[in-house]
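Biologist: I would like to learn how to read side-chain contacts and helix packing from a set of coordinates. Please take one feature at a time, with the general idea before the case.

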Amino acid sequence: MEFKKRECCICAVFVVLVLCTSLVSGGDIVHQDDIAPSRPGCNNNFVLVKVPIWVDGIEVTQFVGVGARFGPTLESKEKRANQTRLAFADPPDCCSTPRNKLTGEAILVHRGNCSFTTKANVAEDAGASAILIINNQTELFKMVCEPHESDLDIGIPAVMLPQHAGTSLIKFLGNSSSVAVQLYSPKRPMVDVAEVFLWLMAVATILCASYWSAWRAREAAIEQDKRLKDGSNECNVTEVSRSGVVLEINIISAVLFVVVASCFLIMLYKLMSSWFIEVLVVLFSIGGVEGLQTCLVALLSCFRWFERFGHSFIKIPFLGPVSYLTLAISPFCIVFAVLWAVYRHISFAWIGQDILGIALIITVLQVVQIPNLKVGTVLLSCSLLYDLFWVFLSKSLFHKSVMIVVARGDKSGEDGIPMLLKIPRMFDPWGGYSIIGFGDIILPGLLVAFSLRYDWLCNKRLRQGYFIWAMIAYGLGLLTTYVALNLMDGHGQPALLYIVPFTLGTFLTLGKQRGDLNHLWTRGEPDRPCPHVRLQPE
């Protein structure tokens, strides 16, 4: 039992951490900007641009830049983009007419000393076919028009490159090599197979966790009924499974979740760096070991060969009674998590991250439960407000979307924080990952798992119960999220904005129509009267 309490405490620590990130993203390549000046000739979206580099006819590398607010739109197909010779401007800032003659080359210039539009006009008048502007820092910068400029008619594309790209190009040109570039901005496919697999993973995870949670609740109810029938004098018997393994959320903790999760999110945002990511990796690995161990022990205990080892215990200091099966599986789980942490930068490390993440999610959905629909409504409503604020409204305070910055792991040198399920975008020319935050699975998963526990304890058939409709509602809500994600060109979306109305709305509507809403709202489980109580006539 002490081991179960330890499991409960560990999972409680991870609940807030894993729920901090609640986001679905595909990686945005188109950036709308309502703040930057927009007028005729200066109304392009800011798009990422691929810039392959050829040196003496051999492709050596490729950089990524960002297109300007002005100039013509770039070709989206690589095969249609022209390969253009590159020349370095003289003077380097291109604020005055270049001394070197240009006959259709792309010109490479430094940022500064005059406006972006001035550089583009000077380069176009000198005969350049495109202008590449080297930024004076690592990050890319959005090139906009000056407030006083109007009716611009710039006929060549302008692309900003990061500082390290400019350094490499200048080095190639300094070696008297023939350098050529190609400029194009490929579009993302409307739907990538990665999103389909993420949808299936999320739905399957909630499905497995719900059935496991309902099975445990039913076993506890059967055990309670047996104790009552055996003549116990205590009618209000607490289920064995809830004596130290289950954390039931109440209304106060549901509200506090938003406050605590917000504090964690701000901490992640402010401390985001390579060392802090390492801390998160360690925490995630510990949680992943606990989750993987719990799932494997439960799975193997279903087989006759392992059942005896799963029910035989040995007492270990500080841990209490631990089954022999747990002792046998723990080293494998630890090695698995350590290997993932060490080799997490290799191309297929996302598989290990997803395995650990799914196991952790399923374990959390066993340990944390909502007792009734009232608590579920408060929790999901607060989580929805949390999601909306930190994805959209936080821009007004922090000038960036805090949730998106944290999920992507900006300024950390990593592909993002580990508290995400992710799959590489297989047919996307830009590559990257499609991701979904743990919160988008766990929070609605609590409601879905509650619906199945209620159905089983009430002996409701599938169609007459609430689980099948809650599961369908979650699937539709997540599907709507991905539709919105693609309509927004991959810009991160708060998935709970779509999932909560679908799941919670469906549950409340069905409960009202069937006359169960009051019972679901208050008790959340069927009445089981004590057989020792006899009603006496007045």
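Modeller: We will go through disulfides, aromatic pairs, charges over rings and helix crossings in turn. Keep in mind that this is a predicted model.

Biologist: How many disulfides does a search of the whole structure find?

Modeller: A disulfide is called from distance alone, with two cysteine sulfur atoms within 2.5 Å. On that basis the search of the whole structure returns 2 disulfides. One joins Cys-42 to Cys-145, with an S to S distance of 1.8 Å. The other is formed by Cys-95 and Cys-114, whose sulfur atoms are 2.0 Å apart.

Biologist: Which hand does the link of Cys-42 and Cys-145 have, and where do the two residues lie in the chain?

Modeller: The hand goes with the angle about the S-S bond. For Cys-42 and Cys-145 that angle is 115°, and the link is right-handed. This pair links distant parts of the chain, 103 residues apart. Cys-42 is in the loop between strand 2 (30-31) and strand 3 (46-55), while Cys-145 is in the loop between strand 7 (130-134) and strand 8 (158-161).

Biologist: And which hand does the link of Cys-95 and Cys-114 have?

Modeller: That link is left-handed, with -90° about the S-S bond. Cys-95 lies in the loop between strand 5 (83-88) and strand 6 (106-110), and Cys-114 in the loop between strand 6 and helix 2 (116-125), so the disulfide ties together parts 19 residues apart in sequence.

Biologist: Are these cysteines buried or partly exposed?

Modeller: The class follows from relative accessible area, where buried means under 20%. Cys-42 counts as buried because its relative accessibility is 0%, and Cys-145 counts as buried at 3%. In the other disulfide, Cys-95 is partly exposed at 24%, and Cys-114 is partly exposed at 23%.

Biologist: Why is Cys-333 too far from Cys-295 for a bond?

Modeller: The distance test settles it. The closest cysteine sulfur to that of Cys-333 belongs to Cys-295 and is 9.2 Å away, so the two are too far apart for a bond. Cys-333 is buried, with a relative accessibility of 0%. Cys-458, at 25% relative accessibility, counts as partly exposed.

Biologist: Next, the rings. How many aromatic pairs does a search of the whole structure find?

Modeller: There are 14 aromatic pairs in the whole structure. Each is read from two values, the centre-to-centre distance and the angle between the planes. Phe-284 and Phe-438 form one of them, at 6.2 Å and 40°, which is a tilted arrangement. The pair links distant parts of the chain, 154 residues apart: Phe-284 is in helix 6 (residues 274-300), and Phe-438 is in the loop between strand 15 (433-437) and helix 13 (439-457). Both Phe-284 and Phe-438 are buried.

Biologist: Which cluster do Trp-390 and Phe-398 belong to?

Modeller: First, the pair itself. Trp-390 and Phe-398 form a tilted aromatic pair, with 6.0 Å from centre to centre and 40° between the planes. Both residues, Trp-390 and Phe-398, are buried. They belong to one aromatic cluster with Tyr-269 and Phe-389.

Biologist: Where does the charged end of Lys-50 sit, and where that of Lys-422?

Modeller: Here the reading is from a charged end to a ring centre. The charged end of Lys-50 sits over the ring of Trp-430, 5.2 Å from the ring centre. The charged end of Lys-422 sits over the ring of Tyr-433, at 4.4 Å from the centre.

Biologist: Last, the helices. At what angle do helix 8 and helix 9 pack?

Modeller: A crossing is described by angle, axis distance and hand. Helix 8 (residues 324-342) and helix 9 (residues 349-367) pack at about 135°, with their axes 9 Å apart. That angle makes helix 8 oblique to helix 9. Their crossing is left-handed.

Biologist: How do helix 14 and helix 15 cross?

Modeller: The axes of helix 14 (residues 467-487) and helix 15 (residues 496-514) cross at roughly 150° and come within 7 Å. The two helices are therefore roughly antiparallel to each other. The crossing of helix 14 and helix 15 is right-handed.

Notes:
Residues numbered from 1 in each chain as written. Predicted model: local features only at pLDDT ≥ 70, side-chain atom pairs only at ≥ 80, totals over all residues. Heavy atoms only, no water. Phe/Tyr/Trp six-rings, centres within 6.5 Å; stacked < 30°, edge-to-face > 60°. Helix = DSSP H or I, 4+ residues; strand = E, 2+ residues; numbered from the N terminus. Buried < 20%, exposed > 50% of the residue type's maximum accessible area, 1.4 Å probe, protein only. Lys NZ or Arg CZ within 6 Å of the ring centre and 35° of its normal. Axes fitted to C-alpha atoms, helices over the stretch in contact; angles between N-to-C directions. Parallel < 35°, antiparallel > 145°, perpendicular 65-115°, else oblique. Left-handed = near helix turned anticlockwise from the far one by under 90°.
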